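Colleague: Could you take me through the labels on this one? I'd like to hear the reasoning behind each.

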Amino acid sequence: MNLLYINYPSWIHPEIFPNVPVLGLVRWYGLMYICAFATAFFILKQLLKEGALDSLDRKASEDDVFGFIATGIIGLLLGARIFSTLVYNQYDPANSHSINYWTHPWLIFWPFDKSGRFTGLAGMSYHGGFIGGLLGMIFWCWRNKRPYMKWIDAMCTAIPLGYTFGRLGNFMNGELYGRITTVSWGMVFPGAERFSLSISWVREFAEKCGMDIAAGGLINLPRHPSQLYEAFFEGIVLFSIIWILHKKKPFDGFSGGLYTLGYGIVRFFIEYFREPDADIGYRIARDSNAPIYLNTSLLNISTGQILCFLMILGGLGVLLVSYLLDKKKKAVQ
């Protein structure tokens, strides 16, 4: 470890058992998903014990919790994968490895690449998972005649802590890293873009980080470990806030609206530290030639920030509508 930057740990690989037949297919990212679902289930069981899922005419059971979270997970996985392939995946005719999922939708859930190598379902979108999971929960509540907002509130209380594992999975994969930085906790990710030391700003940047530039050639610069920022703020911090308030929520829909609003705000600002997808870049840019590896303007907006802005509006809308419905209900009583 260098005091001015951190090298990505060499012992971390996407596979839990690299170079081991069969077991080499087991990846940290998949394990993190299992941990996330297990954590959410544990929290929902705790809310069940507290009576947070009971309605006036019906007491909730553990079977209800299992059915609810299972339906939500199915919706989440479907939404996350479909959204990732159709929104974030940009087809490049010049790239023989890219796939146009709009014209080849049957490949969305095909776990092999063009060479036949098993890749799993590489590429999942949080916002797609949010939409898919929400639809799954709504369907379950409708099918089982349960109060929508009470159950969605419970799930939104459970989601953030589980989400922490998802971002840890991204970190273990060495993906979704941040922009280059000179902060002392900046990390050199093996798969990140390398820059030529023949460029003056690259040499100056590397010198500030205390990196060896004598060899010349290409250099991998330190970056924000944005996956860990997200795991902490969108996961642990947001969970702590919602958990502290969940017993004091003023109306059904409060926790759901608070989660949607809180996640949208936190993720919007963390996106300034995270590098946008290279094949998409900025959706809105003050300068169309602005590099994605540097934050040159707060007016350069990524796809994730646009979706987070919609979440902020949605969260405010849920809070307002839920408040008005609760006020109307109390007035009738």
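Modeller: What follows is a chat about helix packing, salt bridges and burial in a predicted model.

Colleague: Let's start with helix packing. Why is H7 called roughly antiparallel to H8?

Modeller: The axes of H7 (residues 254–270) and H8 (residues 303–332) cross at roughly 155°. Angles over 145 degrees count as roughly antiparallel, so H7 gets that label against H8. The two axes come within 7 Å, and the crossing is left-handed.

Colleague: Which residues of H7 and H8 make the contact?

Modeller: On the H7 side they include Phe254, Gly257, Leu258 and Leu261. On the H8 side, Gln305, Cys308, Met311 and Ile312 are among them. By class, the contact of H7 with H8 has twelve nonpolar, six polar and one charged residues.

Colleague: And what makes H2 roughly perpendicular to H4?

Modeller: H2 (residues 62–88) packs against H4 (residues 148–173) at an angle of about 75°, and their axes are 12 Å apart. The window for roughly perpendicular is 65 to 115 degrees, so H2 and H4 earn the term. Asp64, Val65, Phe68 and Ile69 in H2 meet Trp151, Ile152 and Met155 in H4. That contact of H2 with H4 has six nonpolar residues, no polar ones and one charged.

Colleague: How does H2 pack with H3?

Modeller: The angle between H2 and H3 (residues 126–144) is about 145°, with 6 Å between the axes. H2 passes H3 in a right-handed crossing. From H2 the contact includes Gly67, Gly72, Gly75 and Gly79, while Gly128, Gly129, Gly132, Gly133 and Gly136 are among the residues from H3. The contact of H2 with H3 divides into ten nonpolar, eleven polar and one charged residues.

Colleague: On to charges. What makes Lys150 and Asp252 a salt bridge?

Modeller: Their side chains meet at 3.9 Å, N to O. The cut-off is 4 Å between a side-chain nitrogen of Lys or Arg and a carboxyl oxygen of Asp or Glu, so Lys150 and Asp252 pass. The pair links distant parts of the chain, with Lys150 in H4 and Asp252 in the loop between H6 (226–245) and H7, 102 residues apart.

Colleague: Why does Lys150 count as buried?

Modeller: Buried means under 20% relative accessible area, and Lys150 has 18%, so it counts as buried. Its partner Asp252 has 33% and is therefore partly exposed.

Colleague: Where are the partners in the Lys249 and Asp153 bridge?

Modeller: Lys249 is in the loop between H6 and H7, and Asp153 is in H4, 96 residues apart. The closest N and O atoms of Lys249 and Asp153 are 2.7 Å apart. Lys249, at 24%, counts as partly exposed, whereas Asp153 is buried at 1%.

Colleague: What about Arg274: buried or exposed?

Modeller: Buried, because Arg274 comes in at 10% relative accessibility. Arg274 forms a salt bridge with Glu230, and their closest N and O atoms are 3.0 Å apart. Arg274 lies in the loop between H7 and H8 and Glu230 in H6, so the pair ties together parts that are 44 residues apart in sequence. Glu230 is also buried, with a relative accessible area of 0%.

Colleague: Which residues belong to the network that includes Arg274 and Glu230?

Modeller: Arg167, Glu230, Arg267, Glu271 and Arg274 are joined into one network by salt bridges that share partners. For the whole model, the salt bridge count comes to 13.

Colleague: Two single residues to finish. Why is Glu62 called partly exposed?

Modeller: Partly exposed sits between the 20% and 50% limits, and Glu62 has 42%, so that is its class. Glu62 is in H2 and, leaving aside neighbours within four places in sequence, is in contact with Phe41, Lys45 and Leu48. Glu62 and Gly256 are 194 residues apart in sequence and 21 Å apart in space, C-alpha to C-alpha.

Colleague: And how do you know that Ser322 is buried?

Modeller: Ser322 has 8% relative accessibility and the limit is 20%, so it counts as buried. Ser322 is found in H8. Not counting residues up to four places away in sequence, Ser322 touches Met149, Phe251, Asp252 and Gly253.

How values were computed. Residues are numbered from 1 along each chain as its sequence is written. This is a predicted model: local features need pLDDT of at least 70, side-chain atom pairs count only at pLDDT 80 or more; totals for chains, interfaces and linings use all residues. Side-chain values use heavy atoms; hydrogens and water are left out. Axes are lines fitted to C-alpha atoms, for helices over the stretch in contact, and angles run from 0 to 180 degrees between N-to-C directions. Helices (H or I, at least four residues) and strands (E, at least two) are DSSP runs, numbered from the N terminus. Angles under 35 degrees count as roughly parallel, over 145 as roughly antiparallel, 65 to 115 as roughly perpendicular and the rest as oblique. A crossing is left-handed if the near helix is turned anticlockwise from the far one by less than a right angle, and right-handed if clockwise. Contact means heavy atoms within 4.5 Å. Ala, Val, Leu, Ile, Met, Phe, Trp, Tyr, Cys and Pro count as nonpolar, Asp, Glu, Lys and Arg as charged, and the others, Gly among them, as polar. Buried means under 20% relative accessible area, exposed over 50%, partly exposed in between (1.4 Å probe, protein chains only).
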